[in-house]
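Reader: I'd like to learn how to read a structure like this one. Could we go through it feature by feature?

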Amino acid sequence: MTTTIKVKKPNFFGRMFAKRETKEYVNPYWGGIILGLVLFASFFFTGNGLGASGGLNRMIVFLEDLIVPNHVNNTPYLLAMAGGLKNPLDSWVVFVTVGAVLGGFVSGFFNGRIKVETNKGPNISKKQRWFFAFLGGSFMGYGARLARGCTSGQALSGGAVLSVGSWAFMFAVFAGGYAVAYFVRKLWN
Amino acid sequence: MTFPLNLNELIGQYGAWLAFLAIGFAFGYALEISGFGNSPKLARQFYFKELTVLKVMFTAIIVAMVGVFTASALGLLDYNLIWVNPTYLWPGIVGGLIMGVGFIVGGFCPGTSLVAVGTGKVDGLFFVFGVLFGIFSFGETVEYFNDFFYSSYMGRFTLMEWLNVETGWVVLGVVIMALLMFWGSEILEKNVGGMDQSNAPKARYYAAGTLVAIALAVVFIGQPTTEDKWKIISGEKEPLLQERAYQIHPGELLGLMHDDKIMLNIFDVRSEADYNLFHIANAKNTSMDLLTEMLPDLLLEPSNAVFVVVSNNEERATEAWKMLVAQNLHNVYLLEGGANFWLDVFSDEWNSIEYAMLDGEIFLHDFDAAWGENHPAADPDPHHYEIIFEPKVKLELKKGPSGGGCG
């Protein structure tokens, strides 16, 4: 007589959160094709491209408007987004920005790449990496507002619809990166 | 020309928000599977070791570009309604250089850092804090260099206009340029990064060939002309024109001239001689060619902009109206009876001449001097006239985007 031992199958949530095998990233061309189709769909259905820094910008202005509304009302640049009854969060780009975080999370989840970690070059400490991430981010944020768009909103979106300014911007970004890369090589190599 | 859609009208504000959330989701997903949440992988771009950033970015650009201009060539999508980032050349270049430095120091760009945060990367979180701080600092300091921030403005300026080349050839050129860059990238990856390219998928050659083929088709088909665009919408617009839905009475135009909520643009498409004799106050003398040239800027005007075309009677104004409407400019009207009828209504001296729809563009009024807009009838006092007319101007919500990329 054989006894069958019932192995309890993990339930839905058990399966959901079981440790997933970390999958490889897709081929860059394949990733680019998918990203391009997303960008095309965005233009085709809405007339807008993609964006990221604009959403972050509006979140900051929203906070400023909560804390120091008078200051916002006296600064024309901020006023354009938050003046009077305008809610700075009432913009398509805010939703794209929030969606991007969610999309990143879901992809990371199903491909086993969700992990609290600090990615860095081998020759710097975690704290140094955090400091430089913040510093680089400040440059990015400042530059993105000066250029009226970031890599997604200007280079990618404007580039695809053949804006002269966006192409000039794109080459400037690469030029800026390559010009400094040698001097900060310790950060990454 | 059904696309892009007016999402707010079609599915409501919440629906539109959901649609943008979905687009953002797909955006984040595409970035993550490409490895853009991983900063060392991104940084390798700048040491010529692994050119994933360039490959993903330019593949995305050429795929989306070929899609947009194919759809436009087939008459499905109106390129005029697509948001093309206006060019502010030098602020863009300086901003780009600063961002390039930020990219290699911080390891991300704003979009990729969002994905890094979504997948738990602590360095991504610090980067996002940095971006927020940078944006905040910009908002606080821009007033000190406003002149620069608004300098070298060129409006909606495309590579086609800059190079003065047909759209299709530019599309083909960009595809070929990108493919050459990919070829160079693979050589660099092999020689500097020591990457083995032999197991890279052969399918990439087919994909490249397909893109070139479609771009060639775009060259061959060409982009729709104003006439093509008018043909598409004439079935809908011609009857309305016959019902005189767009011919506004001088009384209504006078009302618009004194309406603060409206940004009124009057285009006088008569000859310069007639214009010099007399024209309505603040009307701009524009030939058809000039109007075509001005179109990109007109498309950028806010949604409360109203455009009224004026000729001597209605013939030339109707032509101009058709052109502007075919190019998808909104809130375009023409003056009923043109300048002739306007003077009949607002000038006592010529009351004898009856308004008539005459053939040909003849200015029926004779002036002793070139009055221009100094004539009393150019800017009549609205309180002096009690005119009964059927109002026709309805502010139409703009289709397509209201603000751009990172707006």
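Author: Sure, and keep in mind that this is a predicted model. Let's start with one pair in a sheet: B:Phe267 has B:Lys284 in β5(B) as its bridge partner.

Reader: What holds strands of a sheet together in general?

Author: Backbone hydrogen bonds do the pairing, and the strands may run parallel or antiparallel. Here, strand β4 (residues 263–268) of chain B is joined to β5(B) by three bridges, and the two run parallel. Another pair you can look up is B:Ile266, whose bridge partner in β5(B) is B:Ala283.

Reader: Which strand pairs with β4(B) over six bridges?

Author: That's strand β6 (residues 305–310) of chain B, again in the parallel sense. To find the spot, look for B:Met263, which stands opposite B:Ala305 in β6(B).

Reader: And how many bridges join β6(B) to β7(B)?

Author: Three, with the strands running parallel. B:Phe307 sits opposite B:Val332 of β7(B) there. Moving on, β7(B) is joined to β3(B) by two bridges, also parallel. In that pairing, B:Gln247 has B:Leu334 in β7(B) as its partner.

Reader: In what order do the strands of the whole sheet come?

Author: Read across, the order is β3-β7-β6-β4-β5 (chain B), five strands in an open sheet with parallel pairing. An open sheet has edges, and in this one they are β3 (247–248) and β5 (283–285) of chain B, each pairing on one side only.

Reader: How do I read the side chains on a strand? Which residues of β7(B) point one way, and which the other?

Author: Follow the strand and note which way each residue points. In strand β7 (residues 332–335) of chain B, B:Val332 and B:Leu334 point one way, while B:Tyr333 and B:Leu335 point the other way. All of these are buried.

Reader: Let's zoom out. How many helices and strands are there in chain B?

Author: Chain B has 16 helices and seven strands. Its radius of gyration is 27 Å, well over the 22 Å that the globule rule gives for 407 residues, so chain B is more spread out than a compact globule. You can put that next to the span of its C-alpha trace, about 90 × 50 × 40 Å along the principal axes.

Reader: What share of its residues is buried?

Author: In chain B, 56% of the 407 residues count as buried. As for contacts with a separation of 6 or more, residues 24 or more positions apart account for 75% of them in chain B. The accessible surface of the chain is about 17800 Å², and 60% of that belongs to carbon and sulfur atoms.

Reader: Where do the charges come in?

Author: Chain B has 22 positive and 46 negative charges, and the mean positions of the two sets are 18 Å apart.

Reader: What is the secondary structure of chain A?

Author: Chain A has 10 helices and zero strands. Of its 189 residues, 53% count as buried. Chain A exposes about 9200 Å², with carbon and sulfur atoms supplying 68%.

Reader: Could you show me one residue of a helix in chain A?

Author: Take A:Gly177, which lies in helix α9 (residues 164–181) of chain A. A relative accessible area under 20% counts as buried, and A:Gly177 comes in at 0%, so A:Gly177 is buried.

Reader: Which residues is A:Gly177 in contact with, apart from its neighbours within four places in sequence?

Author: They are B:Phe46, B:Gly100, B:Val101 and B:Ile104.

Reader: Last one: what should I know about phi?

Author: Most residues other than glycine have a negative phi. A:Arg148, though, has a positive phi near 60°. This arginine is in the loop between α7 (126–146) and α8 (151–160) of chain A, and at 19% relative accessibility A:Arg148 counts as buried.

Reader: Where is B:Ser152, and is B:Ser152 buried or partly exposed?

Author: B:Ser152 is in the loop between α7 (146–149) and β2 (153–155) of chain B. At 24% relative accessibility, B:Ser152 counts as partly exposed. B:Ser152 has a positive phi too, of about 45°, although it is not a glycine.

Conventions. Residues numbered from 1 in each chain as written. Chains lettered and ligands numbered in written order. Predicted model: local features only at pLDDT ≥ 70, side-chain atom pairs only at ≥ 80, totals over all residues. Heavy atoms only, no water. Helix = DSSP H or I, 4+ residues; strand = E, 2+ residues; numbered from the N terminus. Rg over C-alpha atoms; globule rule 2.2 N^0.38 Å. Buried < 20%, exposed > 50% of the residue type's maximum accessible area, 1.4 Å probe, protein only. Contact = heavy atoms within 4.5 Å. Areas by Shrake-Rupley, 256 points an atom, 1.4 Å probe, with all protein chains shown as cover. Lys, Arg positive; Asp, Glu negative; His and termini not counted. Charge placed at Lys NZ, Arg CZ, Asp CG, Glu CD. Pairing = 2+ DSSP bridges.
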